[in-house]
Amino acid sequence: MHSKVIVAAACALLASLCGAQTYPNKPVRVIVGFPPGSGTDLLARFVGGKLTERLGQQIVVDNRAGANGIIGAELVVKAAPDGYTLLFMSVSHTMNAAIRKLPFDPLKSFTPVTMLGAGPLVLVANPAFPVSNVRGLIDLAKDKPDTITYAVSGTGGINHFAGALFARVAGVQLVNVPYKGGPQALTDLIGGQVQIMFGTAAITLAQVRAGRLKALGVSGAKRSALLPDVPTIAESGAPGYEISTWWGVLAPARVPPALVAKLGTEIAAILNQPESAQRLAAEGAVPSPMAGSAFERVLAAEIEKWRRVARETNIKAE
């Protein structure tokens with residue numbers, strides 16, 4: 001019996017390795033749970049284009065926006081575990097798990113492939129907003145509580161957590177206005193329907209440079225090289241405030257390890273190219289390739305962290 005188990009395991013390993021050598025032999029679908037133009041979408045299209053060149057098969061980006069990324073994630077959970085359906089996800093995946101009862105297990109229903117990159121958010125305001133720095137924002141919010149609105153790209157997403165955490169650290173009350181995605185939220189911010197937003201650099205920097213928005217602060221531990229004159233939120237009246245966004249790639253559970261390893265290796269090679277570092281730096285992020293097992297530990301730790309923040313800030317699902 002023991003020898004049969006060993007033989008079966010050896011055969012399974014051999015089949016996995018052979019599959020990895022021929023993978024992929026058809027297009028690979030990449031699910032993005034956010035609309036075109038979002039930070040996750042832009043990164044997926046950049047990495048997908050490079051992956052197409054390296055693998056010799058088309059990487060097809062499929063936007064399935066809704067429910068803060070849950071709709072897209074559920075499609076991946078139900079896909080065949082053959083490496084031909086992947087999820088390009090963001091930190092919102094772990095935030096969803098912190099406040100919602102999901103139709104899948106955020107860890108066990110997936111195979112972690114690799115982390116991609118990480119970067120701070122930018123606190124931006126409509127140009128007509130009467131203050132131009134974080135200290136002024138805090139003073140105004142204390143003087144007029146529950147009157148300042150901030151846009152969120154979905155209840156329980158990174159913008160929501162960033163705003164709620166800021167309000168708690170700064171001791172103010174803000175009003176969150178949920179949207180179906182970052183681009184729509186940004187449009188209304190530019191149009192003056194909402195006043196401020198904690199947005200990814202990927203979707204805010206171009207608007208700041210064009211004068212359609214003004215940057216009040218950055219959410220990282222140190223200033224961004226892209227906005228060196230913009231102070232961190234922590235140094236501007238909210239000591240200890242820090243929050244970052246990050247992105248990663250997941251596959252359905254039970255994808256053969258050899259395929260996961262091949263994907264992780266190819267994506268890491270892409271992220272290690274100078275062009276990739278420049279591309280992510282232009283969006284305020286840095287490449288952060290991380291192998292599946294290490295990435296899995298990050299996912300678990302992030303879920304616990306956001307559960308704690310949700311309790312402290314009273315963030316709840318709709």
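Me: How many helices and strands are there in the chain?

Reply: This is a predicted model, in which local features need pLDDT of at least 70 and side-chain atom pairs count only at pLDDT 80 or more, while totals for chains, interfaces and linings use all residues. Residues are numbered from 1 along each chain as its sequence is written, and side-chain values use heavy atoms, with hydrogens and water left out. Helices (H or I, at least four residues) and strands (E, at least two) are DSSP runs, numbered from the N terminus. By that count the chain has 11 helices and 10 strands.

Me: What is the radius of gyration of the chain?

Reply: The radius of gyration is taken over C-alpha atoms, and the globule rule to set beside it is 2.2 Å times the number of residues to the power 0.38. For 318 residues that rule gives 20 Å, and the chain comes close to this, so it is as compact as a globular protein of that length. The value for the chain is 21 Å.

Me: What share of the residues in the chain is buried?

Reply: Let's settle the word first: buried means under 20% relative accessible area, exposed over 50%, and partly exposed in between (1.4 Å probe, protein chains only). Of the 318 residues in the chain, the buried share is 56%.

Me: Among contacts between residues at least 6 apart in sequence, what share joins residues at least 24 apart?

Reply: A contact here means heavy atoms within 4.5 Å. With pairs at least 6 apart in sequence as the starting set, the share that joins residues at least 24 apart is 79%.

Me: Why is helix α8 described as largely enclosed by the rest of the structure?

Reply: Helix α8 covers residues 201–209, and its buried residues are Ala201, Ala202, Ile203, Thr204, Leu205, Gln207 and Val208. They pack against α2, β4 (110–125), α7 (182–191), β7 (196–200) and β8. So the helix counts as largely enclosed because its buried residues number seven of the nine.

Me: Which residue follows α8 with a positive phi?

Reply: The phi in question is near 85°. The residue that follows α8 with this value is Gly211.

Me: How many salt bridges does the structure hold?

Reply: A salt bridge is a side-chain nitrogen of Lys or Arg within 4 Å of a carboxyl oxygen of Asp or Glu. Counted that way, the structure holds 11.

Me: Which residues are linked with Asp62 in a network of salt bridges?

Reply: Asp62 is buried, at 16% relative accessible area, while Arg64 is partly exposed at 33%. The side chains of these two meet in a salt bridge of 3.1 Å, N to O. The network that includes Asp62 links it with Arg29 and Arg64.

Me: What separates Glu74 and Lys78 in helix α3?

Reply: Glu74 and Lys78 form a salt bridge, with their closest N and O atoms 3.5 Å apart. Glu74 is partly exposed at 25% relative accessibility, whereas Lys78 is exposed at 64%. Helix α3 spans residues 70–78, and because the two lie four residues apart in it, what separates them is about one helical turn.

Me: How many residues apart in sequence are the parts that the pair Glu235 and Arg223 ties together?

Reply: The side chains of Glu235 and Arg223 meet in a salt bridge at 3.1 Å, N to O. Both residues lie in the loop between β8 (214–218) and β9 (244–252), so the pair ties together parts whose separation in sequence is 12 residues.

Me: Which residue is joined to Tyr23 by a cis peptide bond?

Reply: Most peptide bonds are trans, so a cis bond is worth a look. Here omega is about -5°. The partner of Tyr23 sits in the loop between α1 (2–22) and β1 (28–32), and it is Pro24.

Me: Which residues does Leu55 contact, leaving aside its neighbours within four places in sequence?

Reply: Leu55 lies in helix α2 (residues 39–55) and is buried, with a relative accessible area of 14%. Its contacts beyond those neighbours are Pro24, Lys262 and Glu266.

Me: Is Arg254 buried or exposed?

Reply: Arg254 is found in the loop between β9 and α9 (257–271). Its phi is positive, near 70°, in a residue other than glycine. With a relative accessible area of 70%, Arg254 is exposed.
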